[in-house]
Amino acid sequence: MITKITEASKNAENKEKTQAPEDNVIQIQGRSKTPFMIAGLILLAVLGVGAYFYFNRTYTKYAVDSSVPRTDETAMEYIAFQGGFIKYNVDGITYEDKSGTIVWTEAFTMTDPKVVTRGEYAVVTDIGNNEYMLYSANKKIGNFTTDYPITDIQVAQQGLVAVVLEDEKVNYIVAFDRSGTKCVEIKTTINKNGYPLAIALSEDGKKLVASYITIEGTQVESALTFYNFGDVGKNEVDRQVGYKKFKDELFPRMEFVTNDTVCAFGDGRMVLYSMKQKPKEIVNKKIKDSVKSIFYNESYVGYICKKEQKSSGESTQTHEELDVNQSSADEGYTIKAFNLKGKLVLTQDIDFNYTDVHSTGDEVVVISDTECQIFKYNGFLKYHGTFEEGIGDFFPTTRKNHYILITGDNTQMIHLK
């Protein structure tokens, strides 16, 4: 008998073939990702915590890479320069590179020497005299004479030098190129502009800010005047592109912390301006603290003030001018640092009578005659050490964790370990 196979029966037969008995089928399902994901997250967290504490560890020891005996007969001032340092006093100036080799040195006799560095250039003048000297990282470029006595001086990264010159009733802001050729001259008068107190020059030498003292009646005030030496300033009178007056404030300290950001510290105020071409105020902060020192770098600005004293549960502030050499270890000091938007990023108390402060990209170095503390801007104590032989200076170099230590007897290149 022939059985006719219909389409329905075919489908039924195929369905039976594809559906094998359940006890003969092994179902392979995807493994749960949850345990692996958790393990991975834990590993990342452990690595993250380890890296955090590694990069924020506290050092207590250092190794000496090189040491050169000191031959200074009188007290010296030190400035970090090109991985090494410049040292100077009223008798002369010397630049030693990171290996301790003297690159250039010069003897002179000055009453009030001022040294300023920027990039590969350094300039020195005797405040109140008519001469300045310009150096590169390799050699002395030359001696240059001005028409009137110099009251302030700055240098740009390409070697352009800006000076404030003082005559009896007239002052001049003058810019010279590396050959001593006059590039810009701005005439100011006490009646119109005020008396120039300080200047700040941008890295590229195209922008300058001057702080003036002005007198209106019996009240002494100040003004910040912004100049542009580039194309933008050509069409402006005296190249002036901005002006800001302040009542009851003086600004004796200013600095371009970046090429386009200038910071001015007053006796009770801190202001920051963005100045790509013309100024725009970004921070105007009243300072109630009794400021002893200021510091800055390309990312932060800050100051060290007398520690806030509390009495009967109430805080009080002292506003008198502080003597750097005044012994106030019992009261202590506080470091306060801000980013370039004015946000407070660091508040750190120190309990010793410090003598100097240095700031670099991510840390603040505070020293006394025998003690050094280094704080990172995130609040971690990076290093703490004492030196029985004394500290003349201690400042960072261009290499991470490498510093120059000036003791009573030696100049040492060291690294933390």
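**Exercise 1. Decide whether Y333 is buried or exposed in this predicted model, and do the same for Y354.**

Step 1. The relative accessibility of Y333 is 1%, and the class "buried" is used for values under 20%, so Y333 counts as buried.

Step 2. For Y354 the relative accessible area is 0%, and therefore Y354 is buried as well.

**Exercise 2. Work out which kind of aromatic pair Y333 and Y354 form, and where in the chain the two residues lie.**

Step 1. The structure holds 17 aromatic pairs. One of them joins Y333 and Y354, whose ring centres are 5.2 Å apart and whose planes stand at 90 degrees.

Step 2. Planes over 60 degrees apart count as edge-to-face, so the pair of Y333 and Y354 is edge-to-face.

Step 3. Y333 belongs to strand β26 (residues 333–339), while Y354 lies in the loop between β27 (344–350) and β28 (356–360). The two residues are 21 residues apart, and their pair links distant parts of the chain.

Step 4. The ring of Y354 has a further partner, since K292 lies over its face at 4.0 Å from the ring centre.

**Exercise 3. Describe the pair formed by F387 and F394, and name the aromatic cluster to which these residues belong.**

Step 1. The centres of the two rings are 6.2 Å apart and the angle between the planes of F387 and F394 is 55 degrees, which is a tilted arrangement.

Step 2. Both F387 and F394 are buried, and together with Y62, Y383 and Y403 they form one aromatic cluster.

**Exercise 4. Find out how many residues of strand β12 (residues 170–176) are buried, and which way they point.**

Step 1. Seven of the seven residues of β12 are buried, and the strand is thus described as mostly covered.

Step 2. In a regular strand the side chains alternate between the two faces of the sheet. In β12, V170, Y172, V174 and F176 point one way, whereas N171, I173 and A175 point the other way, and all are buried.

**Exercise 5. Identify the strands that are joined to β12, and say how they run.**

Step 1. Strand β11 (residues 161–166) is joined to β12 by six bridges, and the two run antiparallel. E166 stands opposite N171 in β12, and the hairpin of β11 and β12 has three residues between the strands.

Step 2. Seven bridges join β12 to strand β13 (residues 182–189), again in an antiparallel arrangement, and here I173 stands opposite I186 in β13.

Step 3. The hairpin of β12 and β13 has five residues between its strands, and in this hairpin G180 takes a positive phi near 90 degrees.

Terms used:
Residues numbered from 1 in each chain as written. Predicted model: local features only at pLDDT ≥ 70, side-chain atom pairs only at ≥ 80, totals over all residues. Heavy atoms only, no water. Phe/Tyr/Trp six-rings, centres within 6.5 Å; stacked < 30°, edge-to-face > 60°. Helix = DSSP H or I, 4+ residues; strand = E, 2+ residues; numbered from the N terminus. Buried < 20%, exposed > 50% of the residue type's maximum accessible area, 1.4 Å probe, protein only. Lys NZ or Arg CZ within 6 Å of the ring centre and 35° of its normal. Pairing = 2+ DSSP bridges.
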